[in-house]
Amino acid sequence: MTKDARKIAIVGSPNVGKSVLFNNLTKRYVTVSNYPGTTVEVARGKIQIGEIECEIIDTPGMYSFSPITEEERVARRILVKENPDLVLHVIDAKNLERMLPLTLQLIEAHLSLILVLNIMDEAKTTGVEIDIKLLEKELGIPVVGTVSTTGKGMDVLQRR
Ligand SMILES: Nc1nc2c(ncn2[C@@H]2O[C@H](COP(=O)(O)OP(=O)(O)O)[C@@H](O)[C@H]2O)c(=O)[nH]1
Ligand SMILES: [Mg+2]
């Protein structure tokens with residue numbers, strides 16, 4: 001996240017911990033408002049990364065980059081129209097295979113991406129083992145493991 005990111009968007013399917021991650025990363029200046037012309041709420045906050053103050057956006061849940069629901073349309077519009085410098089794709093590490101297709105769609109859309117494997121605590125207890133280095137190599141993007149409810153991995157994420 002240390003590259004020249006001025007605008008960061010957090011994306012991913014519902015219930016993967018996007019909002020908990022957002023609240024971890026941004027402690028101040030949070031505003032929640034309806035996305036223009038919709039009833040979908042979007043939270044925006046500020047985050048200080050090194051010298052740079054960035055805007056960070058908690059987008060509505062999306063399963064696919066081809067939108068079906070109003071939430072997905074808003075999430076897509078944020079990615080396409082607001083040109084974030086960095087996108088954090090948050091997934092539930094327990095459901096890696098089910099969630100990777102969206103990662104690939106985001107890569108194909110030429111978005112600058114970090115894959116956040118969240119809920120690593122439950123993944124570990126259910127015996128899921130993920131080779132993060134191998135995944136980074138296969139995908140060609142940074143991959144970080146986190147437990148957003150405890151803050152684990154936030155330091156690593158902010159250094160990427
Ligand atoms: N065990 C565990 N639970 C998590 C983690 N991150 C989020 N959660 C829980 O997952 C649920 C959904 O989180 P939320 O941030 O609302 O998901 P969102 O829909 O992606 O914004 C909440 O009950 C969180 O407490 C994590 O790393 N580990
Ligand atoms: Mg949320």
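The radius of gyration is taken here over C-alpha atoms, and the globule rule is 2.2 Å times the number of residues to the power 0.38. For this predicted model, begin with the whole chain selected: for 160 residues the rule gives a radius near 15 Å, and the chain has 15 Å, so it agrees with a compact globule. Aligned on the principal axes, the C-alpha atoms fill a box of roughly 45 × 40 × 25 Å.

Next, colour by secondary structure. Six helices and seven strands appear, in the sequence order β-α-β-β-β-α-β-α-β-α-α-β-α. Of the contacts between residues at least 6 apart in sequence, 66% join residues at least 24 apart.

Then display the surface. Its accessible area is about 8,300 Å², with 50% belonging to carbon and sulfur atoms. Buried residues account for 50% of the 160 residues.

Now select helix H2, residues 70-81, and within this helix Leu 79. Leu 79 counts as buried because its relative accessible area is 3%, and the cut-off for buried is under 20%. Leaving aside residues up to four places away in sequence, Leu 79 touches Ala 9, Val 11, Met 62, Phe 65, Pro 84, Val 87, Leu 106 and Leu 111. One of these, Val 11, is 68 residues from Leu 79 along the chain, yet their C-alpha atoms are separated by 8.9 Å.

From this set of contacts, move to Phe 65, which Leu 79 touches. Arg 76 lies over the face of the Phe 65 ring, at 4.6 Å from the ring centre. Finally, a search for aromatic pairs, with ring centres within 6.5 Å as the criterion, returns zero.

Terms used:
Residues are numbered from 1 along each chain as its sequence is written. Chains are lettered from A and ligands numbered from 1 in the order in which they are written. This is a predicted model: local features need pLDDT of at least 70, side-chain atom pairs count only at pLDDT 80 or more; totals for chains, interfaces and linings use all residues. Side-chain values use heavy atoms; hydrogens and water are left out. Rings of Phe, Tyr and Trp (its six-membered ring) pair if their centres lie within 6.5 Å; planes under 30 degrees apart count as stacked, over 60 as edge-to-face and the rest as tilted. A charge sits over a ring if NZ of Lys or CZ of Arg is within 6 Å of the ring centre and within 35 degrees of the ring normal. Helices (H or I, at least four residues) and strands (E, at least two) are DSSP runs, numbered from the N terminus. Buried means under 20% relative accessible area, exposed over 50%, partly exposed in between (1.4 Å probe, protein chains only). Contact means heavy atoms within 4.5 Å. Accessible areas come from the Shrake-Rupley method with a 1.4 Å probe; for residues, only the protein chains shown count as cover.
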